[in-house]
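Reader: I have just opened this model and would like to understand the words used to describe it. Could you take me through them, step by step?

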Amino acid sequence: MKFFKKIIFGYQNYKFRKTKKKNIFLNFNNNKIDKLYNQSFNYKKKLILATQVGRGGGKWLVDIINQCKNVRAFGERNREEESIFRYYCSHLKKKPSKKLIKLIKTEALSDWEVKNISYISSPYFSHGISGLSKYIRPNKIVIIIRDFKGLFNSLINKGWYSDNYSIKNGNNIKNIPKQFINRPNHFYGRYLNFKELNKKFISSNQTIRVALFMFHTIKKIYQELLMVDKNKLFLFDLKKADQNYLYCKNFLKQLDLNLAINEKKFLSLKKRT
């Protein structure tokens, strides 16, 4: 049964990734990108960034937002570079890399070519959302939260740390371990620096590792949000939102978005994610 679920999930994820629109500004030089990006805010273009621990319904929320008018939404657009950002932030590097800043700005510019609002979501923003707020200057920031039990079970069921590799995650590793060559985001996004919990993490089983990851990441998001303008922050509670048309519709209004589908269509969206 798990084998068939994995195949189905892989196919659905493939279909989802194929819907990503091309980044048409990627090859522009940095000066041109910065100029266009700064000018866009004068034309009432808006950027919304979103993050979470992971496995929190981010893809479903993207699907809902894409049912609104005048917005383009997508998650984990550049997952390798985004996961590297999370990894280095766990080692106290606060400023986003020039490459990541360029990727986010050009993704937004590409969205703004056809819509006025760009929604860019990634769990990998979790450890450095304050830095992104400073250098990217989004209009709003969405934090997706999920109940502890549901999040824990989801991470376990997705096989987080089931490999049980003995990697000294407290070290700032320059070269990715060979086990992760074909899935670098699984290393950079999961084998973080847990500081005083590193030794405990290395010696623990999957269950404890997942719990430590959750504890550390939730704590880190909270610390990051203390350095962000509170007027920009909006919490999306997955437990309250789950198949709740009115909750989601009202939440989107806070983002200046209008859900343009009826409840029946809304309820069908979760089947696709």
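**Cysteines, charges and rings**

Author: Happily! This is a predicted model, and a plain fact makes a good start: it holds zero disulfides.

Reader: How do you know that Cys68 is in no disulfide?

Author: Look at the nearest cysteine sulfur, that of Cys248, which is 10.0 Å away from that of Cys68. A disulfide needs the two sulfur atoms within 2.5 Å, so a pair at 10.0 Å does not count. The view from the other side fits: the nearest cysteine sulfur to Cys248 is that of Cys68.

Reader: And why is Cys68 called buried?

Author: Its relative accessibility is 6%, and buried means under 20%, so Cys68 qualifies. Cys248 is buried too, with a relative accessible area of 2%.

Reader: What makes Asp34 and Lys105 a salt bridge?

Author: Their closest N and O atoms are 3.0 Å apart. The cut-off is within 4 Å, so this pair counts. Asp34 lies in helix 2 (residues 30-42) and Lys105 in helix 5 (residues 98-112), so the pair ties together parts that are 71 residues apart in sequence. As for exposure, Asp34 is partly exposed at 30%, whereas Lys105 counts as buried at 7%.

Reader: Which residue forms a salt bridge with Lys99?

Author: That is Glu81, with the closest N and O atoms 3.6 Å apart. Here helix 5, which holds Lys99, is tied to helix 4 (residues 79-90), which holds Glu81; the two residues are 18 apart in sequence.

Reader: Why is Lys99 called exposed and not partly exposed?

Author: Exposed means over 50%, and Lys99 has a relative accessible area of 54%, so it falls in that class. Its partner Glu81, at 13%, counts as buried.

Reader: How do you know that Lys220 and Glu224 meet in a salt bridge?

Author: The N to O distance is 3.9 Å, and the limit is within 4 Å, so the pair is accepted. Both residues lie in helix 10, four residues apart, about one turn of the helix. Lys220 is buried, and so is Glu224. The structure holds 10 salt bridges, and some join up: Arg72, Arg77, Glu107 and Asp111 are linked in a network.

Reader: Arg72 is new to me. Where does Arg72 point from strand 2?

Author: Arg72 and Phe74 point one way from strand 2, while Val71, Ala73 and Gly75 point the other way. In a regular strand the side chains alternate between the two faces of the sheet.

Reader: Why is strand 2 described as largely enclosed?

Author: Five of the five residues of strand 2 (residues 71-75) are buried, so the rest of the structure largely encloses it. Five bridges join it to strand 3 (residues 117-121), and the two strands run parallel. Ala73 stands opposite Tyr119 of strand 3.

Reader: Now for the rings. How many aromatic pairs does the structure hold?

Author: It holds 24. One of them is Tyr161 with Phe201, 5.1 Å centre to centre, with 80 degrees between the planes.

Reader: What makes the pair of Tyr161 and Phe201 edge-to-face?

Author: Two checks settle it. The centres must lie within 6.5 Å, and planes over 60 degrees apart count as edge-to-face; with 5.1 Å and 80 degrees, this pair therefore meets both. Tyr161 lies in the loop between helix 7 and helix 8 and Phe201 in helix 9, so the pair ties together parts 40 residues apart in sequence. Phe201 is buried, with a relative accessible area of 0%. Tyr165 and Phe180 form another edge-to-face pair, at 5.4 Å and 80 degrees. Tyr161, Tyr165, Phe180 and Phe201 are among the members of one aromatic cluster, which also includes Trp160.

Reader: What sits over the ring of Trp160?

Author: The charged end of Arg190 does, 4.1 Å from the ring centre.

Reader: One last thing. What is notable about the phi of Tyr161?

Author: It is near 65 degrees, a positive value in a residue other than glycine. Most residues other than glycine have a negative phi. Tyr161 is also buried, with a relative accessible area of 1%. Lys195 has a positive phi as well, near 55 degrees, but Lys195 is partly exposed at 40%.

Definitions and conventions. Residues are numbered from 1 along each chain as its sequence is written. This is a predicted model: local features need pLDDT of at least 70, side-chain atom pairs count only at pLDDT 80 or more; totals for chains, interfaces and linings use all residues. Side-chain values use heavy atoms; hydrogens and water are left out. Buried means under 20% relative accessible area, exposed over 50%, partly exposed in between (1.4 Å probe, protein chains only). Rings of Phe, Tyr and Trp (its six-membered ring) pair if their centres lie within 6.5 Å; planes under 30 degrees apart count as stacked, over 60 as edge-to-face and the rest as tilted. A charge sits over a ring if NZ of Lys or CZ of Arg is within 6 Å of the ring centre and within 35 degrees of the ring normal. Two strands pair if DSSP finds at least two bridges between them. A salt bridge is a side-chain nitrogen of Lys or Arg within 4 Å of a carboxyl oxygen of Asp or Glu.
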